[in-house]
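Here is a relaxed walk through one model, with a few spots picked out for a closer look. Keep the viewer open while you read.

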Amino acid sequence: MNAITPTSYRLQTVATGRVFDDNGWVLDDPQCDRPSMVRAVYEKKQLEPLGLEYGIYRFADWLPVRRMLQGSCAPVTYKSEKLAKELKLNNLYITFSGWYPEIGAKMSTCSFKETEAYSVCGRLDPACGKVLVVASAGNTARAFAKVCSENHIPLLLSVPADNLSALWFEKPLNDCVKLIASENGGDYFDAINLSNIVLKSPRFLAEGGAKNIARRDGMSTTMLSATTHIGRIPDFYFQAVGSGTGAIAAWEANLRLLEDGRFGKNKMRLMVSQNTPFLPMYNAWKADSRALLPYDDNQARTDAEAIDAKVLSNRKPPFSLAGGLYDALKDTHGDVLKVDNSQTKDAQALFERTEGIDIHPAAGVALSSLIESVQNGTVKPDDCVMLNITGGGEKRMKAEKQIWNLKPSKIYPLSPDPDRVVKESEELFVAI
């Protein structure tokens, strides 16, 4: 770990515009009477990226961090040739997060969730004395586990038992990382519920999800990578969404880049997609509803089980609040698209054939929605397009390396005993 001069910034509440100081881990404005994102307002208005050797911290000007952690890699942007030719696009730029050493992409968890983990943990004060708690559908847990293990940061993960196969690593983890799970048949929302029970104990600290400025600004490095490589803000941004946090982060980065003044004056259209039949944000958007529509819990679990892109199964995304995905889509004239499993598989195969590397189902969802947007004329041949490939290289990684899986210390029912959960979770960290 390397000490740096902490990035200078203040916080601003989207709903009210109030600007105030960060005490180190603010997630909400206590003076705001309605749900709202809080954003970082950086003192440095023009971005000056550092060298590639700094990994994600090459964008430290716009990251709310107090230290640099070991092992990070920034997203890599390159201009597509073969896929672009297939789609008849003249300006298709791929921002790749994953394992593809030939292009400089060396995220060993094969997911852009590493951008979140290195930023969040770089914001965390190591002297706080608490255990960080992260609920995840899979990829986020893998990223935080890697970062916390390699940097000796106590971490408790909460993951649905059906998604435990996502907890794979290239080496055994440090004992500071522990895992609990909600039983088979549960989904991401059940994992969140389990983590909220744990947080009743003062021993633990909520990571905060989308409300953590470090998570969003870490994810915004995909947009910073693309824009600094291209030299301008793209016209379109394509990404699959579970929570929509990555798209919100891209929008916020776009606003900062407009203030920077060197990359153009446009707001890129956010084109986000979900994996049918799990469509809470798609359905709300098509109904022009800021509020998510009613979604039966059992139906949501069934739909989540049916999709290939399990990481997109968030029932309670930050869609409606001020500064959330609804506002981002309205401000950028964006859209929410839907893609089925068959289309996803076809897109994954196309990417591997043209670009030479396997991609995750969620990235296949994003590519499929781009294909549809080209075919229906929404995207024109000369438009500047950023395709956010949020995960790839896993098939190759597993073929080349020996893989180790993290097992849960405890598996709990979907309606667990809160006292038992708190007691047993505290006991996991007695020796830490």
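## Helix 7 and its neighbours

Helix 6 and helix 7 cross in a right-handed sense. Keep in mind that everything here comes from a predicted model. The contact draws on Met223, Leu224 and Thr227 from helix 6, and on Ala250, Ala253, Asn254 and Leu257 from helix 7. Sorted by type, the residues of this contact are 5 nonpolar and 2 polar, with no charged ones. As for the geometry, the axes of helix 6 (residues 221-230) and helix 7 (residues 245-260) come within 8 Å and cross at roughly 45°. That angle makes helix 6 oblique to helix 7.

Helix 7 has a second partner, helix 10 (residues 325-332), and their axes come within 9 Å and cross at roughly 50°. So helix 7 is oblique to helix 10. The crossing of helix 7 and helix 10 is left-handed. On the helix 7 side you'll find Ala247, Ile248, Trp251 and Leu255, and they meet Leu325, Asp327, Ala328, Asp331 and Thr332 of helix 10. The tally for the contact of helix 7 with helix 10 is 6 nonpolar, 1 polar and 2 charged.

It's worth checking the spacing of those contact residues against a rule of thumb. An α-helix has 3.6 residues a turn, so residues three or four places apart point the same way. With that in mind, have another look at Ala250, Ala253, Asn254 and Leu257, which helix 7 uses against helix 6. Then look at Ala247, Ile248, Trp251 and Leu255, which helix 7 uses against helix 10.

Is helix 7 largely enclosed or largely open? Of its 16 residues, 13 are buried, so helix 7 is largely enclosed by the rest of the structure. Its length works out too: at 1.5 Å a residue, the 16 residues of helix 7 should span 22 Å, and the end C-alpha atoms are 22 Å apart, so the two agree. Right after helix 7 comes Gly261, with a positive phi near 90°.

## Odd backbone spots

Now for some backbone angles that stand out. Most residues other than glycine have a negative phi, and most peptide bonds are trans. Against that background, Lys88 has a positive phi of about 60° although it isn't a glycine. Cys110 isn't a glycine either, and its phi is positive at about 65°. The peptide bond from Thr276 to Pro277 is cis, with omega near 15°.

Where do you look for them? Lys88 is in the loop between helix 1 (82-87) and strand 7 (92-96), and Cys110 is in the loop between strand 9 (105-106) and helix 2 (113-123). Pro277 has its place in the loop between strand 16 (269-275) and helix 8 (280-286).

Lys88 is exposed, at 63% relative accessible area, because the cut-off for exposed is over 50%. Cys110 is buried, with 0% relative accessibility.

## Buried residues and their contacts

Cys110 turns up again in the surroundings of Thr390, which sits in the loop between strand 18 (385-389) and helix 13 (394-400). Setting aside residues up to four places away in sequence, Thr390 touches Ser97, Cys110, Ser111, Phe112, Gln239, Ala362 and Ala363.

Phe204 is in strand 14 (residues 204-206). Phe204 and Val131 are 73 residues apart in sequence, but their C-alpha atoms are 4.7 Å apart in space. Beyond its neighbours within four places in sequence, Phe204 is in contact with residues including Lys130, Val131, Val133, Leu156 and Phe429.

Val26 lies in the loop between strand 3 (19-20) and strand 4 (38-42). Leaving out residues up to four places away in sequence, Val26 touches Leu11, Phe20 and Arg123. Val26 and Gly208 are 182 residues apart in sequence and 9.2 Å apart in space, C-alpha to C-alpha.

Here is how these residues come out for burial:

| Residue | Relative accessible area | Class |
|---|---|---|
| Thr390 | 10% | buried |
| Phe204 | 4% | buried |
| Val26 | 12% | buried |

Terms used: Residues are numbered from 1 along each chain as its sequence is written. This is a predicted model: local features need pLDDT of at least 70, side-chain atom pairs count only at pLDDT 80 or more; totals for chains, interfaces and linings use all residues. Side-chain values use heavy atoms; hydrogens and water are left out. Axes are lines fitted to C-alpha atoms, for helices over the stretch in contact, and angles run from 0 to 180 degrees between N-to-C directions. Helices (H or I, at least four residues) and strands (E, at least two) are DSSP runs, numbered from the N terminus. Angles under 35 degrees count as roughly parallel, over 145 as roughly antiparallel, 65 to 115 as roughly perpendicular and the rest as oblique. A crossing is left-handed if the near helix is turned anticlockwise from the far one by less than a right angle, and right-handed if clockwise. Contact means heavy atoms within 4.5 Å. Ala, Val, Leu, Ile, Met, Phe, Trp, Tyr, Cys and Pro count as nonpolar, Asp, Glu, Lys and Arg as charged, and the others, Gly among them, as polar. The expected span of a helix is 1.5 Å times one less than its number of residues. Buried means under 20% relative accessible area, exposed over 50%, partly exposed in between (1.4 Å probe, protein chains only).
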